Amino acid sequence: MMSPKKDKETQCELCLKAYHNFFICLDRADLLYLNTEREAKTYRKGQNIFEEGHKTHGIFCIKEGQVKLYKNGFDGREHITRIAFPGDFIGLRAVLSGRDYSVNAAAMEETTACFIPKADFFQLMIKYPDFSRRLMVVLTQLLAEAEARLISIAHRPLKERLAESLLFLHNSFHNTSPSYPTPYLNLTRTDLANIIGTTPETVIRMLSTLKEERIISIKGRKIYILDRPRLEFIANAKY
């Protein structure tokens with residue numbers, strides 16, 4: 001397997017979401033130290049960033065791309081527990097608990113992630129109470145999202161769960177390109193199925209129905225939201 005490619009150009013203050021959410025409370029000297037000590041690497045689509053059961057040596061901050069956190073089920077399927085986007089930390093719970101990684105993390109597209117050693121991360125928490133407070137807010141939000149997802153999977157029909165996931169993913173992160181300037185989602189039907197807890201075949205059928213109803217359009221793997229109010233109505237959620 002090829003090693004991830006190192007990126008020496010990344011600076012923490014240029015990652016606007018991560019900087020404003022976490023690192024803005026650091027003084028200039030510590031920010032420069034973090035820029036020097038953290039290691040930025042670029043991962044290919046499908047490449048693992050860390051694996052379940054491996055020891056934790058630090059946390060990763062997503063600079064570009066998107067990462068799926070998942071567990072392998074007894075049925076051989078992936079069960080996606082979370083999608084991480086630019087500015088998000090991954091591996092945070094394992095580092096804070098002192099345990100091994102409890103999930104796998106893999107790039108869903110070409111992704112750049114910065115690794116911060118555990119010792120440096122804990123020093124920031126000790127020196128900057130506001131940094132620790134911001135981390136607690138994030139952990140609380142992640143817990144709330146996990147609880148909401150469990151309730152959704154247990155009680156909501158598949159079509160509602162699909163609509164809810166499309167809205168969440170679109171709001172969290174979407175792609176554009178010169179050829180496709182309109183925001184779109186770009187993920188495999190298998191990944192989408194593993195997010196909402198069903199089969200790829202079922203997802204394909206439901207997406208086709210939404211397309212026929214002119215709520216979304218589809219070009220290959222790309223999904224475009226055409227009628228957001230109707231999708232929100234199906235999801236029974238306001239984003």
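**Note on helix faces, helix packing and salt bridges**

1. Helix 4 buries Asp-120, Phe-121, Leu-124 and Met-125. Viewed along the axis of helix 4, these buried residues lie within an arc of 140 degrees, so they line one face of the helix. The other side of helix 4 carries Ala-119, Gln-123 and Ile-126, which are exposed. The model is a predicted one.

2. Helix 4, spanning residues 118–127, also takes part in a link between distant parts of the chain. Lys-127 of helix 4 forms a salt bridge through its side chain with Asp-27, at 3.8 Å from N to O. Asp-27 sits in the loop between helix 1 (16–21) and helix 2 (28–37), and Lys-127 in helix 4 (residues 118–127), so that the partners are 100 residues apart. Is this pair buried or exposed? Neither label fits: Asp-27 is partly exposed at 34% relative accessibility, and Lys-127 is partly exposed at 48%.

3. A salt bridge within a single helix is found in helix 5. The side chains of Asp-130 and Arg-133 meet there, with 2.9 Å from N to O. The two residues are three apart in helix 5 (residues 129–155), which means that about one helical turn separates them. In general, an α-helix has 3.6 residues a turn, so residues three or four places apart point the same way. Asp-130 counts as partly exposed, with 27% relative accessibility, and Arg-133 counts as partly exposed at 45%. Elsewhere, salt bridges with shared partners join Asp-27, Asp-30 and Lys-127 into one network.

4. Another salt bridge pairs Arg-230 with Asp-227, where the closest N and O atoms are 3.9 Å apart. Arg-230 is partly exposed, its relative accessible area being 37%. How many salt bridges are found in the whole structure? The search finds 15, among them the pairs described in this note.

5. The last point concerns the packing of two helices. Helix 6 (residues 158–172) packs with helix 9 (residues 228–235) at an angle of about 130 degrees, and their axes are 7 Å apart. This angle makes helix 6 oblique to helix 9. Helix 6 makes the contact through Lys-159, Glu-160, Ala-163, Glu-164, Leu-166, Leu-167, His-170 and Asn-171. From helix 9, the contact residues are Arg-228, Leu-231, Glu-232, Ile-234 and Ala-235. The crossing of helix 6 and helix 9 is left-handed.

Terms used
Residues are numbered from 1 along each chain as its sequence is written. This is a predicted model: local features need pLDDT of at least 70, side-chain atom pairs count only at pLDDT 80 or more; totals for chains, interfaces and linings use all residues. Side-chain values use heavy atoms; hydrogens and water are left out. A salt bridge is a side-chain nitrogen of Lys or Arg within 4 Å of a carboxyl oxygen of Asp or Glu. Helices (H or I, at least four residues) and strands (E, at least two) are DSSP runs, numbered from the N terminus. Buried means under 20% relative accessible area, exposed over 50%, partly exposed in between (1.4 Å probe, protein chains only). The arc is that of the directions from the helix axis to the C-beta atoms. Axes are lines fitted to C-alpha atoms, for helices over the stretch in contact, and angles run from 0 to 180 degrees between N-to-C directions. Angles under 35 degrees count as roughly parallel, over 145 as roughly antiparallel, 65 to 115 as roughly perpendicular and the rest as oblique. A crossing is left-handed if the near helix is turned anticlockwise from the far one by less than a right angle, and right-handed if clockwise. Contact means heavy atoms within 4.5 Å.
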